[in-house]
Amino acid sequence: KINFRKKNIYLGVVARLDKQKKIDKLIRIIKLLQNRKKFFYLKIIGEGPEKKNLLILTKELELEKYINFAGFIQNHKISNSLKKIDIFIFPSEDEGLPFSILEAINLRLPVIAADSGGISENFKNLRDMIILKDTSLKKYVEAICLLVNNPKLAHKMRLKSFFKLKKFYDLKKNQNILINRISKLRWLLVL
């Protein structure tokens, strides 16, 4: 359930910690969100070669108490960690359709993502999630504030993306469709 009335708002990401994923952007966003009526925290799930630099940046910006480096979490335990965040943010601008976004949608989290690859091909901006063409820090802050100040919009988007996910990305359903097509093809080849 969305509750943006509370004082503490938790943002989160699941990603490999390398430069391509632009996790440093999320750290800078937390700095820009300081000194507001709410306290914003960031949970970073993942490991990678950029972790040391991200820890240094966190320290330089004096954000140690606002940023949690959770490290590597096994796939079957990630959903428990994601259930503790309020908004999922994925800043990478060079992706297909990241599985971590699909997992966040499956948990009914509102999502903010950079417009890349399969994201805007499969989901609509401001209907299913917030998809940013302009990925400046300012636009991320505006998107976060839009969701926090409009919980009805956040709720509507997370439900639309969830039902879209269930309709088009249901593994069991797609498996059955594929089996039926193969069976029909086999039947035609026999004739």
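## The largest pocket

Helix H4 supplies the largest share of the lining of the largest pocket, namely three residues, in what is a predicted model. This pocket has a volume of about 280 Å³, and of the 17 residues that line it, Val 14, Ala 15, Arg 16, Ile 78 and Ser 100 are the closest to its centre. The elements that contribute two or more residues to the lining are H3 and H4. By residue type, the lining divides into nine nonpolar, four polar and four charged residues.

## Helix H4 and its surroundings

Helix H4, which spans residues 99-106, is mostly covered, with six of its eight residues buried; these are Ser 100, Ile 101, Leu 102, Glu 103, Ala 104 and Ile 105. The cover over these buried residues includes three strands, E1 (8-14), E4 (87-90) and E5 (111-114), together with helices H3 (75-82), H5 (118-122) and H7 (151-168). Just after H4, Arg 108 adopts a positive phi of about 65°.

## The nonpolar core

The largest nonpolar core has 59 residues, among which Ile 27, Phe 88, Ile 112 and Ile 144 touch the most other members. Helix H6 (residues 137-149) gives the most to this core, with seven residues.

Phe 88, leaving aside its neighbours within four places in sequence, is in contact with Gly 12, Val 13, Val 14, Leu 82, Ser 100, Ile 101, Ala 104, Leu 109, Pro 110, Val 111 and Ile 112. Among these contacts of Phe 88 are Ser 100, Ile 101 and Ala 104, which are also listed with the buried residues of H4.

Key
Residues are numbered from 1 along each chain as its sequence is written. This is a predicted model: local features need pLDDT of at least 70, side-chain atom pairs count only at pLDDT 80 or more; totals for chains, interfaces and linings use all residues. Side-chain values use heavy atoms; hydrogens and water are left out. A nonpolar core is a set of buried Ala, Val, Leu, Ile, Met, Phe, Trp, Tyr and Cys residues joined through side-chain atoms within 4.5 Å. Buried means under 20% relative accessible area, exposed over 50%, partly exposed in between (1.4 Å probe, protein chains only). Helices (H or I, at least four residues) and strands (E, at least two) are DSSP runs, numbered from the N terminus. Contact means heavy atoms within 4.5 Å. On a 1 Å grid over the protein atoms alone, a cavity is a set of points where a 1.4 Å probe fits but cannot get out, and a pocket is an open set with protein on both sides within 12 Å along at least five of seven lines; lining residues have an atom within 4 Å of a point. Grid points are joined across faces, edges and corners, and a volume is the space filled by probe spheres set on the points. Ala, Val, Leu, Ile, Met, Phe, Trp, Tyr, Cys and Pro count as nonpolar, Asp, Glu, Lys and Arg as charged, and the others, Gly among them, as polar.
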